[in-house]
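Here is a brisk report on one chain. It follows a helix, its packing partners and a pocket.

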Amino acid sequence: MDIIAWTLIIALFIIAFIGLVYPIIPSVLFLLGGFIVYGLFYSFTELPWWFWVIELLFVALLFAADTISNLIGVKKFGGSKAGMWGSTIGLLIGPFVIPFAGIIAGPFIGAIIGELIVTRSNLKQAIKVGVGSVVGFLTSVVTKGIIQVVMIVLFFIAI
């Protein structure tokens, strides 16, 4: 039974890290799923209250990290809300239209389209915002990866 439990827990953690680059996968839910699987197979009492409080704070931070990083990346490069929304939509659609390369190209193209169509920016400015959206996405991936590692380390400390 231990092998099944730990296989499930580790698989959920791995899927959470895959979700860093495929944003359609809700990383944080898979991390929480790993903690819950542990509690179901063993005991929730082994995970103290402070663990759950800290993890829930990190969950809120992970949800905010995507939006904040994207917003900062787009705004820092002179973009508008249209650029941010275009980047987000491109991030969700890109990997399906252009496998693997769509992860980077999607937010870039989405931000450009958003800026060109909605705010009527010139092409040079729209491309600049597209670069900002990619910088924001990559910053988000690194930030969320660090937070997820910290969450898993806390899990192992708690058990």
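In this predicted model, the buried residues of α3 pack against three helices: α2 (27–41), α4 (81–97) and α6 (123–158). The buried set of α3 consists of Phe51, Glu55, Phe58, Val59, Leu62, Ala65, Ser69, Asn70, Gly73 and Val74.

Helix α3 covers residues 49–76, 28 residues in total. At 1.5 Å a residue, α3 should span 40 Å. The C-alpha atoms at its ends lie 39 Å apart, which agrees. Even so, α3 has a kink of about 35°, centred on Ala64. Just after α3, Gly78 adopts a positive phi of about 85°.

**The chain as a whole**

The chain holds six helices and zero strands. From the N terminus on, its elements read α-α-α-α-α-α. Its C-alpha atoms fill a box of roughly 60 × 30 × 20 Å, taken along the principal axes. Of the 159 residues in the chain, 43% are buried. Take the contacts between residues at least 6 apart in sequence: 67% of them join residues at least 24 apart.

**Around Ser133**

Ser133 belongs to helix α6. Is Ser133 buried or exposed? Its relative accessible area is 0%, so Ser133 is buried; the cut-off for that class is under 20%. The side chain of Ser133 reaches the backbone oxygen of Pro107 at 3.1 Å. Not counting residues up to four places away in sequence, Ser133 touches Asn70, Gly73, Val74, Ser87, Pro107, Phe108 and Ala111. Asn70, Gly73 and Val74 are among the buried residues of α3. Pro107 and Ala111 are among those of α5.

**Helix α4: Ser87 and Thr88**

Ser87 is placed in helix α4. Which residues does Ser87 contact, leaving aside its neighbours within four places in sequence? They are Asn70, Pro107, Gly110, Ala111 and Ser133.

Thr88 also lies in helix α4. The C-alpha atoms of Thr88 and Gly110 are separated by 7.3 Å, although the two residues are 22 apart along the chain. Ser87 counts as buried, whereas Thr88 counts as partly exposed.

The accessibility values of the three residues are set out here.

| Residue | Relative accessibility | Class |
|---|---|---|
| Ser133 | 0% | buried |
| Ser87 | 2% | buried |
| Thr88 | 28% | partly exposed |

**Helix α5**

Helix α5 takes in residues 102–117. Its buried residues are Gly102, Ile103, Gly106, Pro107, Gly110, Ala111, Ile112, Gly114 and Glu115. What covers them includes α4 and α6. Contacts described above fit this cover: Ser87 meets Pro107, Gly110 and Ala111, while Ser133 touches Pro107 and Ala111.

**The largest pocket**

The largest pocket encloses about 460 Å³ of space. Its lining is made by 23 residues. Which of them lie nearest its centre? Pro23, Phe63, Asp66, Thr67 and Lys144 do. The elements that give two or more residues to this lining are α2, α3, α4 and α6. Helix α4 gives the most, with six residues. These elements also appear in the packing of α3, where its buried residues meet α2, α4 and α6.

Notes: Residues are numbered from 1 along each chain as its sequence is written. This is a predicted model: local features need pLDDT of at least 70, side-chain atom pairs count only at pLDDT 80 or more; totals for chains, interfaces and linings use all residues. Side-chain values use heavy atoms; hydrogens and water are left out. Helices (H or I, at least four residues) and strands (E, at least two) are DSSP runs, numbered from the N terminus. The expected span of a helix is 1.5 Å times one less than its number of residues. The bend at a residue is the angle between axes fitted to the seven residues ending there and the seven starting there. Buried means under 20% relative accessible area, exposed over 50%, partly exposed in between (1.4 Å probe, protein chains only). Contact means heavy atoms within 4.5 Å. A polar contact is a pair of N or O atoms within 3.5 Å; within protein, one must be able to donate a hydrogen and the other to accept it, and residues adjacent in sequence count only if both atoms are side-chain atoms. On a 1 Å grid over the protein atoms alone, a cavity is a set of points where a 1.4 Å probe fits but cannot get out, and a pocket is an open set with protein on both sides within 12 Å along at least five of seven lines; lining residues have an atom within 4 Å of a point. Grid points are joined across faces, edges and corners, and a volume is the space filled by probe spheres set on the points.
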